[in-house]
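Let's take a walk through this structure together, with the sequence and the 3D view side by side. Feel free to turn the view as we go from one stop to the next.

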Amino acid sequence: MSARRPIVAGNWKMNGDRAAARALATAVEKSSSGIATVDLVICPPAVHLTEVEGQLREAAGTEGRPQRVALGGQNAWDKPAGAFTGEVSPQMLADSGCRYVILGHSERRTLCGETDAVVNAKLKAALAAGLTPIVCVGETLTEREAGRTDEVVSGQVRGSLAGLGADDVGRLVIAYEPVWAIGTGRVATPDQAQAVHALIRGLLGSLAGAGTAAKVRIQYGGSVKPDNAADLAAQPDIDGALVGGASLDAAGFLAIARAFAG
Ligand code: PGA
């Protein structure tokens, strides 16, 4: 079990129409009240953010309690505004009610060619906009089988966090997502995940000091489901989950969050 407050985030990816987004957000917020010891985040497609924000507020309001579920973007550009057709700035996400933004997801690294340098620029822009970045790193199957996991993950962490001071490192959430486990149903074993989480924490210690490293929350992501979450949550350096497919079902998402609540 982690010594930090767990954070469980749902990455909805490019799924759901407006009605589905509204229904899912309402169901997550309504069922979240019993999970007081875990930070909960949902990251809908950008086009649904405003609607989901209203829905979360309303769902909490009808129960007469503060909102439990925070909102996050799935990506952001590295500038506040300008001629960047099709992009969304971190300021726009914040203005739409987001507190978090996922950056450097492997789908964006692979499909959109995002390098560590791109992630680094986005990270700095997101911090400047007051958002908490959820920075994703993780090796491919080929890299793992070649025994290169530590080298690849360390390189991504160093590259993505380049130039950040200890205070800024302390504001991040890191998500370790082995690419071979994303959407495949093939979850890393708790020991495999713990080993990489410990490596990342050690590296954060050398970059930003042991005190900061001890505070930063490191999520595991990649085929997290209600039936494997408890074993992952039992590990000392796994401080939550970044959940893709299973976050599209409110009951499943909250079952994962409950596993981290202990
Ligand atoms: P998955 O996705 O849970 O569907 O494997 C995780 C992610 O991509 O963040």
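Start in helix α1, which spans residues 18-30 and holds Ala 25. Before going further, keep in mind that what you see is a predicted model. Is Ala 25 buried or exposed? With a relative accessible area of 0%, Ala 25 is buried, since anything under 20% falls in that class. From this spot you can look across to Arg 217: the two residues are 192 positions apart in sequence, and their C-alpha atoms lie 24 Å from each other.

Just ahead of helix α1 in the chain comes a loop worth a pause. Lys 13 sits in this loop, between β1 (7-11) and α1. Its backbone has a feature you may want to check on screen: phi of Lys 13 is near 55°, a positive value in a residue other than glycine. Keep Lys 13 in view, as this residue returns twice below, once at the ligand and once at the largest pocket.

Now turn to the ligand. Which residues come closest to the ligand? A shell of 13 residues surrounds the ligand, and the closest are Lys 13, His 105, Glu 177, Gly 183 and Ser 223. By class, this shell is made up of four nonpolar, seven polar and two charged residues.

Several polar contacts can be picked out here, each ending on an oxygen atom of the ligand. Glu 177 contributes a polar side-chain atom, 2.6 Å from a ligand oxygen. Ser 223 uses its backbone instead, with a polar atom 2.7 Å from an oxygen of the ligand. Gly 245 also takes part through a polar backbone atom, at 2.8 Å from a ligand oxygen. How much of the ligand does the protein bury? Taken alone, the ligand exposes 280 Å², and the protein buries 97% of that.

Ser 223 deserves a second look. Its place is in the loop between β7 (217-221) and α11 (226-233). Like Lys 13, Ser 223 has a positive phi in a residue other than glycine, here near 60°. Ser 223 counts as buried because its relative accessibility is 9%.

The next stop is the largest pocket. Rolling a probe the size of a water molecule over the atoms shows where empty space is left. In the largest pocket, that space comes to about 490 Å³. Its lining counts 22 residues, and those nearest the centre are Lys 13, Ala 46, Gln 74, Asn 75 and Arg 108. Which element gives the largest share of this lining? That is helix α4 (residues 106-111), with three residues. Sorted by class, the lining holds twelve nonpolar, six polar and four charged residues.

From the pocket, move on to helix α2, where you will find Leu 49. Leu 49 is buried, with a relative accessible area of 2%. Ala 162 makes a useful landmark for the view from here: 113 residues separate it from Leu 49 in sequence, and 30 Å in space between the C-alpha atoms.

Follow the chain into the loop between α2 (49-62) and β3 (69-73), and you reach Pro 66. Is Pro 66 buried or exposed? Pro 66 counts as exposed because its relative accessibility is 65%, and the class begins over 50%. Its C-alpha atom is 23 Å from that of Arg 171, a residue 105 positions away in sequence.

Two more buried residues round off the walk. Cys 98 belongs to strand β4 (residues 98-103) and is buried, at 5% relative accessible area. Between the C-alpha atoms of Cys 98 and Ser 2 there are 26 Å, with their positions 96 residues apart along the chain. His 197, in helix α9 (residues 190-208), is buried with a relative accessible area of 0%. What does the side chain of His 197 reach? At 3.4 Å lies the backbone oxygen of Ile 218.

Technical notes. Residues are numbered from 1 along each chain as its sequence is written. This is a predicted model: local features need pLDDT of at least 70, side-chain atom pairs count only at pLDDT 80 or more; totals for chains, interfaces and linings use all residues. Side-chain values use heavy atoms; hydrogens and water are left out. A residue is near a molecule or strand if one of its heavy atoms lies within 4 Å of it. A polar contact is a pair of N or O atoms within 3.5 Å; within protein, one must be able to donate a hydrogen and the other to accept it, and residues adjacent in sequence count only if both atoms are side-chain atoms. Accessible areas come from the Shrake-Rupley method with a 1.4 Å probe; for residues, only the protein chains shown count as cover. Ala, Val, Leu, Ile, Met, Phe, Trp, Tyr, Cys and Pro count as nonpolar, Asp, Glu, Lys and Arg as charged, and the others, Gly among them, as polar. On a 1 Å grid over the protein atoms alone, a cavity is a set of points where a 1.4 Å probe fits but cannot get out, and a pocket is an open set with protein on both sides within 12 Å along at least five of seven lines; lining residues have an atom within 4 Å of a point. Grid points are joined across faces, edges and corners, and a volume is the space filled by probe spheres set on the points. Helices (H or I, at least four residues) and strands (E, at least two) are DSSP runs, numbered from the N terminus. Buried means under 20% relative accessible area, exposed over 50%, partly exposed in between (1.4 Å probe, protein chains only).
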